[in-house]
Amino acid sequence: MRRFLFDFMAILRTCAYCGSFYSKETVCEFCWAELPWRNPNSEAVIIDASSVCLKVHSLLDWEPDRSPVCSVFILSLKGGLSKSSFDRLAAQFVKKGMLQNSDGRKLVIVPAPSRTQSFDHALALAESLAAVFAAKAVNCLKTTAIESQKTKGKGARSLLVMESCEKFSQFDGKVIFVDDVVTTGSTAKAAYIALGRPSNFEVWSIAYRHLAAD
Ligand SMILES: [Zn+2]
């Protein structure tokens, strides 16, 4: 019954971008196809955040000034998507050919800590990914501090500090940190340090946001 009601409510939803009436997801099929999907064969983006080098795999290339559809879609993530939207996003990682022939038992998926009390989208995506790859989602990160750091000529920059109730320093599998948007990589870097600098670490995000200066 609940499922039926949910599907019925979905019929009443409209696309967050174009407003077309029937929209099972936050955006309609047309707008979904218009999102700036990265080429499935494209290389991971490597962000060198000071001493740490991170491999980042993103589904979307988000340039806020150039893709209003993507901006609306990203914003709609904050409001909470339906479970099916996250399953669909997880399926996009499968399409990318990620983790072919991998062993789910050697895979840990860690969501970014929730930034607010509201809907936890990183956890929802981590759970959908865990289901798809038969892996384990471990919600072990917590933000402990946001320190203000003075940087040359750029004013104050916030530095994120996290702690984790589990460490993966000795883990011989792969640790995947999941976040909705990656920009500078500072959140992922804080996670990497908190998780005990796992030797096999990757960052998966829905979108990679290009800064205006790129
Ligand atoms: Zn639409």
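Here is a quick tour of this structure, from the whole chain down to a few single residues.

**The whole chain**

What you are looking at is a predicted model. The protein chain has a mean pLDDT of 83, and 80% of its residues reach 70 or more. Confidence is not even along the way: it is highest in β3, at 95, and lowest in helix α1 (residues 2-11), at a mean of 56. Where pLDDT is low, the predicted coordinates should not be read in detail.

The protein chain holds 6 helices and 8 strands. If you walk along the sequence, you meet them in the pattern α-α-β-β-α-α-β-α-β-β-β-β-α-β. Of the 214 residues in the protein chain, 31% are buried. Take the contacts in the chain with a separation of 6 or more: 69% of them join residues 24 or more positions apart.

**Strands side by side**

Which strands does β7 pair with in the parallel sense? One partner is β3, and another is β8. The table puts the two pairings next to each other.

| Strand pair | Sense | Bridges |
|---|---|---|
| β3 and β7 | parallel | 5 bridges |
| β7 and β8 | parallel | 7 bridges |

You can pick out single residues in these pairings too. V108 stands opposite V175 in β7, while V181 has A207 in β8 as its bridge partner.

**The nonpolar core**

The largest nonpolar core has 50 residues, and those with the most contacts inside it are I109, V110, L125, A126, F177, V178 and A191. Several elements give two or more residues to this core, including the helices α3 (68-78), α4 (83-95), α5 (121-132) and α6 (186-194). Strands chip in as well, among them β3 (107-111), β7 (174-182) and β8 (201-209). The core also draws on both domains, with at least three residues from each of domain 1 (1-34) and domain 2 (36-209).

What does I109 touch, leaving out residues up to four places away in sequence? The list is A126, L129, A130, A135, K136, A137, I176 and V178.

**Two helices up close**

Start with α6, which is mostly covered: 7 of its 9 residues are buried. Those buried residues are T187, A188, K189, A190, A191, Y192 and A194. After α6 comes G196, with a positive phi near 90 degrees.

Now turn to α3, where the buried residues are C70, F73 and L77. Why do they line one face of the helix? Looking down the axis of α3, you find its buried residues within an arc of 60 degrees, so they share one face. The general rule behind this is that an α-helix has 3.6 residues a turn, so residues three or four places apart point the same way. The cover over the buried residues of α3 includes β2, α5, β7 and β8. On the face turned away from that buried side, α3 carries the exposed residues P68 and L75.

One more residue of helix α3 is worth a look: K78. K78 counts as partly exposed because it has 13 C-beta neighbours inside 10 Å, and a residue needs 20 or more to be buried, or 12 or fewer to be exposed. How far apart in space are K78 and H121, C-alpha to C-alpha? The distance is 7.0 Å, although K78 and H121 are 43 residues apart in sequence.

Terms used: Residues are numbered from 1 along each chain as its sequence is written. This is a predicted model: local features need pLDDT of at least 70, side-chain atom pairs count only at pLDDT 80 or more; totals for chains, interfaces and linings use all residues. A nonpolar core is a set of buried Ala, Val, Leu, Ile, Met, Phe, Trp, Tyr and Cys residues joined through C-beta atoms within 7 Å. Helices (H or I, at least four residues) and strands (E, at least two) are DSSP runs, numbered from the N terminus. Domain bounds come from an automatic or database domain assignment. Two residues are in contact if their C-beta atoms, placed from the backbone, lie within 7 Å. The arc is that of the directions from the helix axis to the C-beta atoms. pLDDT is the predictor's confidence in each residue, from 0 to 100. Two strands pair if DSSP finds at least two bridges between them.
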